[in-house]
Amino acid sequence: MKKAHLFLVAAAVLSAALLTGCAGTKIIDSWRDEAYTGRPASILVLAVAKERGPRTLMEEEFARQLKTHGVESYIGTTVFPEEGLPSQEAVIAKAGELKVEAVLVVRFLEKTTGESSTPLRRYAVPAGFATSWAGYTASPTSMTSYTDVGIRDVSYGFYYAALETTMFDLKTHNPLWSAYTSTKYEDHPLKKIGPFTSTIVHELDKAKLLPGH
């Protein structure tokens with residue numbers, strides 16, 4: 001009886017911790033191609049970041065979590081071991097070689113500090129993968145436009161990292177789903193990779209873009 005009670009308490013504490021972690025990332029706006037009815041079972045994960053270390057951590061965490069949903073995932077820094085981001089041609093060629101159905105691209109947009117706020121935004125979806133990759137990786141805000149329509153969550157002493165995550169269809173090279181997110185953190189942003197990834201994977205599952213269980 002005592003062990004059961006301890007188990008319930010531990011489960012409650014773990015659940016609270018997970019919920020608190022996920023609360024750090026908010027979906028500001030998202031878009032889905034409603035005409036698409038597939039559920040990609042194989043995905044190439046690419047993180048757009050200057051430093052290889054954070055790129056690898058992000059891609060590995062996405063691969064780990066997507067695997068629990070039955071997705072065969074390929075890690076960008078493993079598939080492309082050379083330094084620097086791969087070219088559009090290299091990504092398309094490797095994706096075809098691996099026979100993946102989609103590419104999931106995560107890119108950092110901006111960091112705000114001090115008295116920070118998370119704007120409510122309406123945002124345009126990135127252009128097709130085959131036509132936008134060069135510009136997409138060149139500048140954080142390239143290929144995407146935003147309009148601030150309100151302000152939420154004013155806070156002090158925190159940092160906010162804005163990221164954009166987009167899934168592209170490898171047959172058409174067009175986006176299937178895209179989300180603009182804001183992640184709140186106090187110390188190091190790398191500690192938020194797990195909760196951030198959980199939020200994105202949950203949204204992809206909710207959008208019926210992951211294999212069913």
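**Exercise 1.** In this predicted model, find which residue of strand 3 is the bridge partner of Leu 44, and describe how strand 2 and strand 3 are connected.

*Solution.*
Step 1. The bridge partner of Leu 44 in strand 3 is Tyr 74.
Step 2. That pair belongs to two strands, residues 42-48 (strand 2) and residues 72-75 (strand 3), which run parallel and are joined by four bridges.
Step 3. Helix 2, residues 52-67, completes the connection: strand 2, helix 2 and strand 3 make a β-α-β unit, and the unit is right-handed.

**Exercise 2.** State the strand order of the six-stranded sheet and identify the edge strands.

*Solution.*
Step 1. The order is 1-8-7-4-2-3, in an open sheet with mixed pairing.
Step 2. Strand 1 (25-32) and strand 3 each pair on one side only, and these are the edge strands.
Step 3. From one strand to the next, the twist averages 20 degrees.
Step 4. At the strand 1 edge, strand 1 pairs with strand 8 (residues 175-185) in the antiparallel sense over seven bridges. Within strand 8, Ser 182 is the bridge partner of Lys 26.

**Exercise 3.** Determine which strands helix 2 touches and which strands helix 6 lies across.

*Solution.*
Step 1. Helix 2 packs on the sheet and touches strand 2, strand 3, strand 4 (102-112) and strand 7 (159-169). The direction of helix 2 makes about 155 degrees with that of strand 2.
Step 2. Helix 6, residues 193-206, lies across strand 1, strand 4, strand 7 and strand 8. Relative to strand 8, helix 6 runs at about 150 degrees.
Step 3. For the length of helix 6, its 14 residues reach 20 Å from first C-alpha to last, close to the 20 Å expected at 1.5 Å a residue.
Step 4. The buried residues of helix 6 include Ile 193, Phe 196, Ile 200, Val 201 and Leu 204. Glu 203 is also among them.
Step 5. After helix 6 comes Lys 208, with a positive phi near 60 degrees.

**Exercise 4.** Work out how many residues of strand 7 are buried, and trace the pairing of strand 7 through Phe 168.

*Solution.*
Step 1. Of the 11 residues in strand 7, 10 are buried, so the strand is mostly covered, buried being under 20% relative accessible area.
Step 2. Strand 4 and strand 7 run antiparallel and are joined by 10 bridges. Here Val 103 stands opposite Phe 168.
Step 3. Strand 7 and strand 8 also run antiparallel, with 10 bridges between them. Phe 168 stands opposite Pro 175 of strand 8.
Step 4. Five residues separate strand 7 from strand 8 in a hairpin, and His 173 in the turn has a positive phi of about 70 degrees.

**Exercise 5.** Is Lys 171 buried or exposed?

*Solution.*
Step 1. Lys 171 is found in the loop between strand 7 and strand 8.
Step 2. Its relative accessibility is 80%. The cut-off for exposed is over 50%, so Lys 171 counts as exposed.
Step 3. In space, Lys 171 and Gly 96 are 9.4 Å apart, C-alpha to C-alpha, while in sequence they are 75 residues apart.

**Exercise 6.** Summarise the protein as a whole: how many helices and strands does it have, and what share of its residues is buried?

*Solution.*
Step 1. There are six helices and eight strands.
Step 2. From the N terminus on, the elements run α-β-β-α-β-α-α-β-β-α-β-β-β-α.
Step 3. Of the 213 residues, 43% are buried.
Step 4. The exposed area is about 11,200 Å², of which carbon and sulfur atoms supply 58%.
Step 5. Among contacts with a separation of 6 or more, 79% are between residues 24 or more positions apart.

Terms used
Residues are numbered from 1 along each chain as its sequence is written. This is a predicted model: local features need pLDDT of at least 70, side-chain atom pairs count only at pLDDT 80 or more; totals for chains, interfaces and linings use all residues. Side-chain values use heavy atoms; hydrogens and water are left out. Two strands pair if DSSP finds at least two bridges between them. A crossover is right-handed if, with the strands pointing away from the viewer, the path from the first strand over the helix to the second runs clockwise. Axes are lines fitted to C-alpha atoms, for helices over the stretch in contact, and angles run from 0 to 180 degrees between N-to-C directions. Contact means heavy atoms within 4.5 Å. Buried means under 20% relative accessible area, exposed over 50%, partly exposed in between (1.4 Å probe, protein chains only). Accessible areas come from the Shrake-Rupley method with a 1.4 Å probe; for residues, only the protein chains shown count as cover. The expected span of a helix is 1.5 Å times one less than its number of residues.
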